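I opened this entry to keep track of what I looked up, one topic at a time. The structure goes in first, then my notes.

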Amino acid sequence: MSLVRLTIKGISYSQTQNGAYALLLSEADGERQLPIVIGAFEAQSIAIALEKDIRPPRPLTHDLFKSFAERFSITVKQVIIHKLVDGVFYSSLICERDKIEEIIDARTSDAIALALRFNAPIFTYKNILDKAGIFLKNTDTPSEEEEKEIKKTELIIEDVLKESSEPSASAKPSPTKSLEQLEDELEEAVNNEDYEQAAKLRDEISKRK
């Protein structure tokens with residue numbers, strides 16, 4: 001069976017399970033999208049990994065796993081979503097140590113959270129994509145509806161980051177503050193795990209640069 005490479009398109013609210021999210025994977029060289037339902041904690045971990053500018057002050061579970069693996073010279077080479085049974089996706093971590101490969105069973109959400117941290121490619125088998133994939137329109141320019149979906153995904157990621165921190169009165173960054181002040185506030189927000197405010201500050205900093 002041939003493998004198909006997937007990329008992460010974003011995170012969406014689950015339409016079938018309250019409190020859950022749908023991780024959206026896209027066929028790298030095609031038009032199909034693969035939605036996978038994941039829990040809130042895993043959504044938070046994946047969202048933080050996607051937001052490169054945000055670093056938690058203390059390691060999350062998947063960050064700890066990466067540090068542990070690296071300490072013992074273990075590398076995650078790739079992730080393969082290898083089975084779909086009754087709507088549940090099964091995945092494997094392909095790991096390597098001293099040029100010896102090992103295959104470790106993992107939940108798909110955990111496997112993808114680790115793949116992001118190891119910069120490892122994500123694959124699935126063609127028959128799984130044929131069975132569960134959703135076709136997207138083949139257009140060079142996103143339609144108005146697709147633009148809305150992209151914006152909604154960005155807002156969902158911000159919501160996931162917000163839920164990972166204690167409630168706080170996050171304010172809109174002041175336009176009168178200097179770039180240096182904003183960068184200091186960004187660092188403080190990350191240290192306080194106020195990811196909602198950190199995302200706002202990051203966006204304001206990016207605009208000024």
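**Buried helices**

I listed the buried residues of H1 and got Glu42, Ala43, Gln44, Ser45, Ile46, Ala47, Ile48 and Ala49. Helix H1 spans residues 40–50, and with eight of its 11 residues buried I noted this helix as mostly covered. I should record here that the model is predicted.

I then looked up helix H3, residues 108–118, where 11 of 11 residues are buried. The buried list of H3 includes charged side chains, among them Asp110 and Arg117. Nonpolar entries on that list include Ile112, Leu114, Leu116 and Phe118. Just after H3, I found Asn119 with a positive phi of about 55°.

**Sheet**

In what order do the strands of the open sheet run? I read the order as E6-E5-E4-E7-E1-E2-E3-E8, eight strands with mixed pairing. The edges are strand E6 (100–107) and strand E8 (134–135), each of which pairs on one side only.

I checked how E8 is attached. Strand E3, residues 32–38, runs antiparallel to E8, and two bridges join them. For Gln33, I noted Ile134 in E8 as the bridge partner.

**Gly10 and Ala47**

I next looked up Gly10, which lies in strand E1, residues 3–13. Is Gly10 buried or exposed? Its relative accessibility is 2%, so I entered Gly10 as buried, the cut-off being under 20%. I also looked up the separation between Gly10 and Ala47: their C-alpha atoms are 8.6 Å apart, although these positions lie 37 residues apart in chain numbering. Ala47 is one of the buried residues of H1.

**Salt bridges**

How many salt bridges does the structure hold? I count seven. I wrote up three of them.

Lys66 pairs with Glu70, with the closest N and O atoms 2.5 Å apart. Both residues lie in helix H2 (residues 61–71), four residues apart, which is about one turn of the helix. An α-helix has 3.6 residues a turn, so residues three or four places apart point the same way. Glu70 has a relative accessible area of 45%, so I have Glu70 as partly exposed.

Arg107 pairs with Asp110, the closest N and O atoms being 2.9 Å apart. Arg107 counts as partly exposed because its relative accessibility is 48%, whereas Asp110 is on the buried list of H3.

Asp130 pairs with Lys126 at 3.0 Å between the closest N and O atoms. I placed both in helix H4 (residues 126–132), where they are four residues apart, about one turn of the helix. Both are partly exposed, Asp130 at 43% relative accessibility and Lys126 at a relative accessible area of 41%. I followed the shared partners from there: salt bridges join Glu27, Arg32, Lys126 and Asp130 into one network.

**Negative patch**

Which residues form the negative surface patch? I noted Glu180, Asp184, Glu187 and Glu188. Of these I looked up Asp184, which is found in helix H6, residues 179–191. Asp184 has 46% relative accessibility and therefore counts as partly exposed. Patch members must have over 30% relative accessible area and no salt bridge, and the 46% of Asp184 is over that cut-off.

Key. Residues are numbered from 1 along each chain as its sequence is written. This is a predicted model: local features need pLDDT of at least 70, side-chain atom pairs count only at pLDDT 80 or more; totals for chains, interfaces and linings use all residues. Side-chain values use heavy atoms; hydrogens and water are left out. Buried means under 20% relative accessible area, exposed over 50%, partly exposed in between (1.4 Å probe, protein chains only). Patches are made of residues with over 30% relative accessible area and no salt bridge: like charges are joined within 9 Å, nonpolar side chains (Val, Leu, Ile, Met, Phe, Trp, Tyr) within 5 Å. Accessible areas come from the Shrake-Rupley method with a 1.4 Å probe; for residues, only the protein chains shown count as cover. A salt bridge is a side-chain nitrogen of Lys or Arg within 4 Å of a carboxyl oxygen of Asp or Glu. The place of a charge is taken as NZ of Lys, CZ of Arg, CG of Asp or CD of Glu. Two strands pair if DSSP finds at least two bridges between them.
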